[in-house]
Structures are given as C-alpha cells and as structure tokens.
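Let's take a friendly walk through a few helices. Please keep the model open as you read.

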Amino acid sequence: MRVLLLESIHPDAVSRLKEDGFEVESVSSALDEAELIERISGVHLLGIRSKTKVTAKVLESADSLVAIGAFCIGTDQIDLTHASASGVAVFNAPFSNTRSVVELAISEIIALTRRLTEKNTLMHAGVWDKSADGAHEIRGRRLGIVGYGNIGTQLSVLAENLGMSVSFFDTADKLALSNAHRCASMEELLETCDVVTLHVDGRLGNAGFFGAEQFAQMRPGSLFLNLSRGIVVDHLALRDALASGHLAGAAVDVFPVEPKGRGDEFLSELRGLPNVILTPHIGGSTEEAQSDIGGFVANKLAKFLIDGNTTLSVNLPGVVLPEQPGLHRVVHVHINTPGVLAKVNQVLAEHNVNVEGQLLSTRGEYGYLITDIGKGYSDEVLQELRAMEQTVRLRVLS
C-alpha cells in the first residue's frame with residue numbers, strides 16, 4: 001500500500017503509517033495539479049496540508065486512491081463532492097492546532113497594540129525611541145471575532161482572561177462563552193471593536209467577503225488580523241486602509257497566492273508596511289501542533305484503510321464496527337436510497353453467506369455500510385454487490 005505525503009508533513013505521521021506496513025513517500029513541497037496528476041497513480045493514501053489542491057481532475061487520475069488526509073483544519077483545498085462520488089474518504093485535524101493559532105493571534109494583538117514591530121525596526125536601525133505614544137495595554141480593549149468556531153471560541157476565552165472584552169459574529173447559531181457578546185451583524189462588530197480578527201473557512205462563498213466596505217466600517221485606529229484563509233480578504237483594500245492611517249496595524253498569516261515551498265519568493269501588496277506583521281502561514285506551525293496533527297490524521301487514515309472505520313470523516317458517514325478476528329469485512333459506499341441494506345443482505349442470503357456483524361450510517365447523499373462475514377464465499381457475491389446501481393465503491397478487508 002503506497003502513501004504519498006506532501007508539504008513536509010511531520011515525521012510522526014511517517015512513523016505511524018510505516019508501523020502498519022505502508023510504503024511512505026514524503027515530499028517537502030506542495031504539488032500543483034499537473035504534478036499531482038503525474039504522481040497520484042498507484043497511491044492509496046494521500047496526505048496534504050493547505051497549499052496542495054486536490055481537484056476533480058486529480059481524483060479522476062487517482063486509480064488506487066482510498067483516502068485523503070488533510071494535515072490541517074481546512075478541507076476547502078479538496079473537491080469533497082468529487083471525493084465522495086469516488087468513494088474516497090477525507091479526514092482532517094479539526095482540533096490539533098487550535099491552541100497554536102490562538103497563541104499566535106494573542107501574541108500579534110499584543111505586539112500591534114504595543115507597537116513592538118515599529119520599535120523593533122527602529123532599534124535595528126540604531127534609533128532609540130523610548131516613547132509611549134500610540135502604545136496601549138490590551139486590557140479593557142474590545143476584541144471582535146468573526147467566526148466563532150473551535151479557534152474563535154478558544155481565543156475568546158483567553159482574551160477575556162487577559163482582560164479584554166469580546167464580541168463575536170457568526171452566521172451559525174453559537175453559544176457565547178463566558179461574557180462574550182454576540183453581535184447581531186458584522187457591521188455592529190466592526191463599528192464597536194478595537195481589534196478585529198477573522199477565523200472563517202475558505203469556502204468559495206467567503207472569497208473576497210472582507211474588503212474596502214468592511215475596512216471603512218472599522219473604528220479609526222483599530223487593528224486587523226487574518227489567520228484563516230487568504231482568499232477572504234482584499235489585500236489592496238487592506239493596504240489602502242493602512243496607508244491612509246484609518247487602521248493602526250494588521251497581522252496577516254494567510255495569502256490568496258502562497259509560495260509552494262520554503263525559500264520561494266513571497267509576493268504581496270502588504271510587503272514594506274511598517275505597521276504590518278507578515279507570517280508565512282504558520283498559525284498551526286508549532287512542533288507540538290504538527291506532531292499531534294501528524295499522529296492524529298495518520299491514525300485516521302490507517303484505521304480507515306485497515307478497518308474501514310470512518311470516525312470524524314469530513315465527507316462520509318461516521319461508522320465504527322468492532323473488529324472480529326477470523327472474518328472478512330465488506331465496506332460499501334453507496335448512494336443513499338431506500339432499500340440498499342435489504343438488497344445487500346438479499347445478495348448475501350442468496351449465496352448462503354452469514355452476516356456476523358453489520359452497521360449502516362447515512363449522511364446526505366451517501367450511505368456507508370460495514371458488513372462482517374465468514375471467509376467462505378465466492379467472487380460472485382462481490383461481483384453482484386459491485387453491480388448494484390447504488391454502489392459507489394466496494395472494498396473487502398481481511
């Protein structure tokens with residue numbers, strides 16, 4: 001079984017997969033669509049981070065692919081619709097790097113509020129400017145969080161512990177933690193907060209949603225952070241808001257177009273601005289987070305390939321059936337229509353195949369069925385199951 005890991009995925013992932021006998025190839029950089037199409041043939045498990053795009057064309061060229069691991073939080077870089085239609089499971093790490101992203105956001109809020117970037121630049125130029133002008137404590141200031149998910153909620157709690165007031169806006173109904181205030185609209189948040197930070201996903205509907213109009217609504221002298229996805233912010237509009245003095249500073253960790261690998265040139269409209277912190281998409285790049293992500297996602301991939309378990313799959317229903325030694329396990333991804341379970345069991349019954357264990361779950365358009373059976377069955381059984389009009393993919397695990 002071949003595994004291809006891209007973008008310098010942590011060695012813990014390599015070790016975990018090799019323990020189960022997988023042949024692992026690790027590549028330090030991202031691959032573009034053409035490069036990935038060239039490399040994907042014969043690969044059973046694919047591991048990526050945020051830069052590699054797994055498109056429909058890539059999936060169509062994947063003749064052996066069983067599962068994809070996103071060794072990060074987001075999965076918008078994967079064509080999930082096509083993956084599901086191909087019976088390819090997708091897993092991510094929704095919690096592993098949350099703390100690392102939150103700590104980076106907190107550190108940048110403090111650095112910008114104290115004007116540390118400007119002081120640091122002056123010191124390196126030999127200028128001693130011991131002035132309190134424009135420097136503030138974060139205590140008593142109001143933080144506005146756009147997107148109140150795993151990262152947004154943890155940031156909310158830590159910011160309050162540091163003495164900040166917190167407002168948040170989310171399109172979904174979210175429970176406010178501690179004393180956080182839920183804003184009825186993003187306009188309310190922008191008009192009332194001293195610091196605005198984005199923690200939204202990279203779905204296409206979010207592309208460019210924060211631009212000149214939103215920056216104009218922010219309070220004069222406020223700060224802006226984006227540690228979510230580069231496509232959600234109009235960077236030219238951000239530069240104008242900073243250059244005009246309307247915003248006092250910004251911290252940006254993600255960009256619409258990012259270099260494929262370490263050492264490649266980084267291009268951005270925000271380069272050269274003294275009141276901007278630019279970081280190379282390192283929100284979750286701590287040794288602790290990457291080690292945890294590596295082990296977590298690799299374990300999910302291995303469990304799926306070996307046992308068929310889909311716990312925390314992004315695109316397939318979650319099913320876990322305890323392993324029973326001495327049996328074969330038939331894993332069936334299918335279109336979710338009435339009667340599939342009955343039809344599967346009818347095929348098994350007609351061939352005198354006894355069901356030792358079975359579990360079915362559905363999610364939207366697709367269903368996922370695990371059936372444990374004895375080893376004494378003919379190839380005709382599998383042929384009939386594969387020939388069912390609802391069948392998307394059938395695997396047999398032993």
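What follows looks at two single helices and then at a packed pair.

This is a predicted model, in which local features need pLDDT of at least 70 and side-chain atom pairs count only at pLDDT 80 or more, while totals for chains, interfaces and linings use all residues. Residues are numbered from 1 along each chain as its sequence is written, and side-chain values use heavy atoms, with hydrogens and water left out.

Start with helix H7, residues 150-161 (helices are DSSP runs of H or I with at least four residues, strands are E runs of at least two, both numbered from the N terminus). Its 12 residues reach 17 Å from first to last C-alpha, close to the expected 16 Å (1.5 Å times one less than the number of residues). Among its buried residues (under 20% relative accessible area, 1.4 Å probe, protein chains only) are Ile151, Leu155 and Leu158. The buried residues of H7 pack against helix H5, strand S6, strand S7 and strand S9. Just after H7, Gly163 has a positive phi of about 100°.

Now move to helix H11, residues 287-307, where the end C-alpha atoms lie 29 Å apart, in agreement with the 30 Å that its 21 residues should span. Its buried residues include Ile293, Val297, Leu301 and Phe304. Gly308 follows H11, with a positive phi near 80°.

Finally, how do H12 and H13 pack, and at what angle? Helix H12 (residues 340-350) and helix H13 (residues 379-387) meet at about 160°, with axes 10 Å apart; axes are lines fitted to C-alpha atoms over the stretch in contact, and angles run from 0 to 180 degrees between N-to-C directions. The two helices are therefore roughly antiparallel (over 145 degrees). Contact (heavy atoms within 4.5 Å) involves Val344, Val347, Leu348 and Glu350 of H12 with Val381, Glu384 and Leu385 of H13.

Methods
Buried means under 20% relative accessible area, exposed over 50%, partly exposed in between (1.4 Å probe, protein chains only). Angles under 35 degrees count as roughly parallel, over 145 as roughly antiparallel, 65 to 115 as roughly perpendicular and the rest as oblique.
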